[in-house]
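Trainee: Could you take me slowly through one part of this model, the strands and the loop residues that go with them? I am new to it and would welcome a connected account.

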Amino acid sequence: MMTTRNSLSRRLQQRFALLLLMLLTAGSRSLAQDADSVLTVERATLVGIGYGAQLDSYLSPEDYGGADLSLLSLTERRRPQRRWQRQLTHQAHVWWGSYRSDQGSEISGDYSFSYAWLRQLATLPLGNGRISLKAGPAAAARLGFVYNTRNSNNPAQAKLALACAPTGIAEWNFTAGRLPLRLRGEVVVPLLGLMFSPQYGQSYYEIFSRGNYDHNLVLTTPFNAPSVQARLLVGTRWRRLNWQVGFQTDCLQAKVNHLKYHRYNYLLLLGVNKTLRVL
């Protein structure tokens with residue numbers, strides 16, 4: 001009788017242990033699946049202030065220079081164990097400047113948006129940290145205006161451009177003493193696009209009344225619109241906030257329809273970023 005009870009007890013213990021093992025295995029698989037499905041969203045908001053130089057030969061042959069102000073938003077969406085991630089960039093820009101004689105001024109503003117698909121290319125040790133390299137295609141759009149205060153005829157110029165702009169990013173996470181730091185560099189180079197531009201001497205009345213009769217929608221390449229944007233940021237945590245400080249430069253150029261346009265700016269960036277994890 002005692003032997004039968006001991007045998008029954010051992011069987012129950014074995015079945016309980018097997019059930020517990022199955023539950024633990026299922027739980028670990030579920031946790032692993034949940035970890036793979038976690039979406040990490042990192043959002044940075046930065047204010048930029050600096051100097052900009054601008055030329056629009058449709059409005060004036062003069063090169064204007066003055067204060068440049070920007071508001072920038074960067075959002076990254078990524079999942080663990082996946083090589084591809086997405087990055088959304090919004091930027092609003094206001095500029096006002098004058099030329100050498102200070103007898104006239106120009107004002108411009110625009111909004112730009114970029115949606116990039118970035119692939120993790122490599123993660124390598126560097127110093128006391130690791131550096132990651134990412135690159136991929138991006139779709140970019142820009143809408144804006146330029147206004148010249150001296151012109152009575154054709155005082156304003158509209159800006160509209162679409163482009164495929166490959167993006168490359170390098171991030172280095174390391175520590176300086178006990179301070180965690182992240183150094184991030186980003187380069188955007190438009191390769192192929194479409195932009196709106198009047199012809200030299202063409203009025204907006206002609207464009208509105210006759211449409212695109214004079215090739216006002218122009219294909220852009222690095223040959224007629226060589227442009228680049230570069231950004232360098234350093235981030236750390238201070239007083240319970242993740243701060244970022246850095247530098248950005250934009251070199252936008254175009255020579256289409258017998259008109260020249262360029263905008264060069266140099267911005268000091270300061271902002272904060274936060275990270276969210278969503279199941």
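Mentor: Two strands pair if DSSP finds at least two bridges between them, and the strands themselves (E, at least two residues) are DSSP runs, numbered from the N terminus. The model is a predicted one, in which local features need pLDDT of at least 70, side-chain atom pairs count only at pLDDT 80 or more, and totals for chains, interfaces and linings use all residues. Residues are numbered from 1 along each chain as its sequence is written, and side-chain values use heavy atoms, with hydrogens and water left out.

With that in place, begin at strand E6 (residues 138-148), which runs antiparallel to strand E7 (residues 156-164) and is joined to it by nine bridges; within this pair, Ala 140 stands opposite Ala 163 in E7. Strand E7 is also joined to strand E10 (residues 192-196), again antiparallel, by four bridges, and there Ala 161 has Met 195 of E10 opposite.

Further along, the loop between strand E13 (241-256) and strand E14 (259-278) holds Asn 257, and His 258 lies in the loop between E13 and E14 as well. Most residues other than glycine have a negative phi, yet Asn 257 has a positive phi, near 50°, and the phi of His 258 is likewise positive, near 65°. As for their surroundings, Asn 257 is buried (under 20% relative accessible area, with a 1.4 Å probe and protein chains only), because its relative accessible area is 13%. His 258, by contrast, counts as exposed (over 50%), because its relative accessibility is 71%.
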